[in-house]
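Student: I keep meeting words for parts of a protein without knowing what earns them. Please take me through some with this one.

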Amino acid sequence: MPRLHLLGGVLALLLAVAGCTAGRAHSTASGSMAEATEARLERARQGLRGPERESTLTDLEELSRELQARLKESPEDARLHGWLARTAFYLQREEKALAEAEQALTLAPDQAESHYIKAFLLGGRNQAEAALAHATRATELEPGQGRYWQLLGTLYLQLDKPAEARAALDKTLALEPRNAQALFVVGLLAMDQGRPDEALEAYEKAREYEPEFAMAHYNAGQLLQLRGDAAAALERFQKAADLEPDDWRTRAKLVQLHQALGNEEKRDAEREALLLLHQAGKVDRDYFVRDQFQEGGRNVMVVENFALEGDWAKRYEFQMYAPDQERPTYVISLGSYAYTNAFAREKDPEGPRLFHLDGYHPDGAHDTYGFFNGEPSYDETREMVVSILKGELKPMSSTKPSQK
């Protein structure tokens, strides 16, 4: 298994769901004001991920204004700065949360929750070493808080210290066996170490314990797809798409899985949804992986470009991989090149756009399998490529590097 390169983004993922990761701080304050503030923050933590999210955000805004008004009267009150840091953290206002956490720690260095918030935000900015010190301090001050250990484990993983990461995550799960995000990070660690079965088990538990955790559904779907269990993978990706309908990578996965299961109508509908996301500027690439299949002992990955652009425009690239190899051994593309279309226009200025199917070898050799007036459909193109891989469709011409 290739090493994952997702670890730097784990903290950003957790920040997106900070409302369910940052729980109640154990305040030493007494009195009705402190108890009422703690109760409101606890209700907010629980409400951010449910149907009461909008009303929860409204209450957090109100609480923020109240705390800032109190701070005008008591600017040196560490508790108020700590509560305001948590409120800003829940509202995902990073700069405000960090500033208030730092002020709280200046006034009261042993506020565990402020250490946690600062560690979380610094880690999200790729300042893992500095974050680690604050996360460690949070676990020292309140070792019974599972999310503190979870953050510590994530930071160790970000620093490429898997043994320390696993030890911290195990402490999280000992305290909170149903901590979905800790299980998710365990899954990342298992994948990074080449243990996909363990990773899948962790992702499946994470999505069971937190059904709205889209990335847990997505990662479980990836592993099930690699196993060849297309139906189960489709179920996981569909849930992820329901939770995050604008995630273009999930839409691409749905295209792949419907293709594998022969659901052409649903495949085409998901592709149209993906094209709309691209038109809306919600896709950060010029292409997507449309299909994955095996033929003749080779893995085939199909890349579709959203637009035909440039002198060497290609619609599809069928990339063939031998087992356990990272570079393709052969590429077949459906293209529409400027020079061939210019030649065709000389003969028929009103004719359709010319496409051709070509094969490219690593040594520079080139095969041509056919020319087409107008763009063939994907299914037609795929059928021709499969025929080529089976040895049934031969090239109409071939060029070796020495012949150029």
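Tutor: Let's begin with a definition: two strands pair if DSSP finds at least two bridges between them. Strands themselves are DSSP runs of E with at least two residues, helices are runs of H or I with at least four, and both are numbered from the N terminus. The model is predicted, so local features need pLDDT of at least 70 and side-chain atom pairs count only at pLDDT 80 or more, while totals for chains, interfaces and linings use all residues. Residues are numbered from 1 along each chain as its sequence is written, and side-chain values use heavy atoms, with hydrogens and water left out.

Student: What makes strand 2 and strand 3 a pair?

Tutor: Strand 2 (residues 298–305) and strand 3 (residues 312–321) are joined by six bridges, and the definition asks for at least two, so they pair. Their directions are antiparallel. One of the residues to look for is Glu 304, whose bridge partner in strand 3 is Tyr 316.

Student: Which bridges continue from strand 3 into strand 4?

Tutor: Eight bridges link strand 3 with strand 4, again in the antiparallel sense. Lys 314, for instance, has Gly 335 of strand 4 as its bridge partner. Gly 335 also has a bridge partner in strand 5, namely His 356. Strand 4 and strand 5 (residues 354–360) pair over five bridges, antiparallel too.

Student: Why are strand 1 and strand 7 said to stand at the edges?

Tutor: The seven strands make an open sheet in the order 1-2-3-4-5-6-7, with antiparallel pairing. Strand 1 (287–295) and strand 7 (397–399) each have a single partner strand, so one side of each has no neighbour in the sheet. On average, neighbouring strands of this sheet are turned by 20° against each other, direction ignored.

Student: How do you know that strand 4 is largely enclosed?

Tutor: Check it against the cut-offs: buried is under 20% relative accessible area, exposed is over 50%, and partly exposed is in between (1.4 Å probe, protein chains only). Eight of the eight residues of strand 4 (residues 330–337) are buried, so the rest of the structure largely encloses this strand. Tyr 330, Ile 332, Leu 334 and Ser 336 point one way, Val 331, Ser 333, Gly 335 and Tyr 337 point the other way, and all are buried. That fits a general pattern: in a regular strand, side chains alternate between the two faces of the sheet.

Student: What do Thr 368, Gln 92 and Asn 126 count as by those cut-offs?

Tutor: Thr 368, in strand 6 (residues 366–373), has 8% relative accessibility, so it counts as buried. Gln 92, in the loop between helix 5 (78–90) and helix 6 (94–107), has 39% and is therefore partly exposed. Asn 126, in the loop between helix 7 (112–124) and helix 8 (128–141), has 58%, so it is exposed.

Student: What makes the link between Thr 368 and Asp 358 a polar contact?

Tutor: A polar contact is a pair of N or O atoms within 3.5 Å; within protein, one must be able to donate a hydrogen and the other to accept it, and residues adjacent in sequence count only if both atoms are side-chain atoms. The side chains of Thr 368 and Asp 358 are joined at 3.1 Å, which is within that limit.

Student: What is notable about phi at Gln 92 and Asn 126?

Tutor: Most residues other than glycine have a negative phi. Gln 92 has a positive phi of about 60° although it is not a glycine, and for Asn 126 phi is likewise positive, at about 60°.

Student: How do you know that helix 11 is enclosed?

Tutor: Its 13 residues (180–192) can be tested with the same cut-off: 13 of the 13 are buried, so helix 11 is largely enclosed by the rest of the structure. At the N-terminal end, Asn 179 caps helix 11 through a side-chain oxygen 3.2 Å from the backbone nitrogen of Gln 181. Just after helix 11 comes Gly 194, with a positive phi of about 75°.

Student: Why is the whole chain called more spread out than a compact globule?

Tutor: The chain holds 18 helices and seven strands. Its radius of gyration is 27 Å, well over the 22 Å that the globule rule gives for 404 residues, so the chain is more spread out than a compact globule. That radius is taken over C-alpha atoms, and the rule is 2.2 Å times the number of residues to the power 0.38.

Definitions and conventions:
The expected span of a helix is 1.5 Å times one less than its number of residues. Axes are lines fitted to C-alpha atoms, for helices over the stretch in contact, and angles run from 0 to 180 degrees between N-to-C directions.
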